[in-house]
Amino acid sequence: MATFNKDDLIINMVLSGTMFDKASGDVICSLTMIEEPSLELGGEKVYATDNYGLNIAAFNRSKTAKFSGSNSLFSLGLMANQLGSAKQTGSDIEIPMRELIQVASDKSVTLKKAPVEGSVAIEVLDSGKSITGVSLEQGASSSGDFSISGNKITFSSDKVSAGNYVGVYYKYVGDAVKIVNSADAFTTAGEFRLEVLFAEKCNQAIQYYGYIVFPSAALDNNATINLTTDGKHAFSIEAMTDYCSADHDLFYIVVPDQIA
């Protein structure tokens with residue numbers, strides 16, 4: 001078996017990044033497709049000067065560390081953490097819906113879902129299915145432009161004729177995932193672990209799993225996310241001083257003597 005190289009290693013790739021809740025130890029989010037990983041080290045330098053302003057000595061203060069990268073896929077778990085929120089899952093979540101439907105011969109349309117009461121907005125469309133600016137108001141069968149029974153909408157207004165197209169905007173209750181960006185909710189610190197695959201410099205077939213661990217890390221609220229097919233989910237994580245520990249660690253790197 002080859003001797004474990006404790007100095008020079010090649011970074012093959014970052015395999016994953018996982019954030020843990022400091023209080024419960026639960027996984028907050030896990031990223032397995034990290035691109036462009038970067039570890040940035042910084043700090044403040046303070047100079048002692050003489051009466052002419054010449055530097056006599058330099059002292060390093062306030063060390064910082066930040067990890068940044070992007071995930072290949074849009075991650076709802078990461079987004080929730082960036083928003084200081086939590087993923088809501090269940091079958092009772094209100095979901096927005098838009099349908100462009102042709103009016104039937106009996107001047108009605110049937111929606112795919114039963115709308116939440118008071119959530120329906122209807123616009124009359126032209127032949128190209130563009131909004132004409134004519135809006136319809138809901139009412140009972142004897143008043144208003146339309147009435148709703150279950151998921152069926154019946155039109156009583158002469159603004160709509162059979163064969164016309166309408167745009168129906170509504171909400172329904174269903175099974176979904178929801179995350180909320182509240183103005184008064186922010187990210188909280190947690191432990192962040194990067195799993196890194198290292199390789200021997202003289203024999204790349206010999207590889208090791210290593211870890212870069214931020215005992216106390218804060219995910220940055222600031223992020224630009226391109227909502228395109230080839231867009232990436234960017235993020236950055238700042239190492240905070242583990243203030244209640246004896247060592248005040250920002251992060252540590254550990255590479256065990258185990259071949260991957």
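Student: How many cavities of 30 Å³ or more does the count come to?

Tutor: In this predicted model, the count comes to 1 cavity of 30 Å³ or more. The largest cavity holds about 30 Å³ of space.

Student: What makes a space a cavity rather than a pocket?

Tutor: In a cavity a 1.4 Å probe fits but cannot get out, whereas a pocket is an open set of points.

Student: Which residues line the largest cavity?

Tutor: Met19, Cys29, Leu31, Leu78, Asn81, Phe192, Leu219, Phe235 and Ile237 line the largest cavity. Two or more of the lining residues come from each of β2 (27–31), α1 and β14 (233–239). By class, 8 are nonpolar, 1 is polar and none is charged.

Student: And the largest pocket: how much space lies there?

Tutor: About 230 Å³. Its lining has 13 residues, with Ile11, Val196, Phe198, Ile212 and Ile253 nearest the centre of the pocket. Strands β1 (9–21), β3 (34–49) and β12 (190–200) each give two or more residues to this lining. Here the classes are 12 nonpolar, 1 polar and no charged residues.

Student: Let's turn to the surface. Why is Leu76 called partly exposed?

Tutor: Leu76 has a relative accessible area of 35%. Buried means under 20% and exposed means over 50%, so Leu76, at 35%, is partly exposed. Leu76 belongs to helix α1 (residues 76–82).

Student: Which residues make the nonpolar surface patch with Leu76?

Tutor: Phe74, Val177 and Leu227 join Leu76 in a patch of about 410 Å². Patch residues need over 30% relative accessible area, so the 35% of Leu76 meets that cut-off.

Definitions and conventions
Residues numbered from 1 in each chain as written. Predicted model: local features only at pLDDT ≥ 70, side-chain atom pairs only at ≥ 80, totals over all residues. Heavy atoms only, no water. Patch = residues over 30% accessible without salt bridge, like charges linked within 9 Å, V, L, I, M, F, W, Y side chains within 5 Å. Areas by Shrake-Rupley, 256 points an atom, 1.4 Å probe, with all protein chains shown as cover. Salt bridge = Lys/Arg side-chain N within 4 Å of Asp/Glu carboxyl O. Helix = DSSP H or I, 4+ residues; strand = E, 2+ residues; numbered from the N terminus. Buried < 20%, exposed > 50% of the residue type's maximum accessible area, 1.4 Å probe, protein only. 1 Å grid on protein atoms, 1.4 Å probe; cavity = no way out; pocket = protein on both sides within 12 Å on 5 of 7 lines; lining within 4 Å. Points joined across faces, edges and corners; volume = space filled by probe spheres on them. Nonpolar A, V, L, I, M, F, W, Y, C, P; charged D, E, K, R; others polar.
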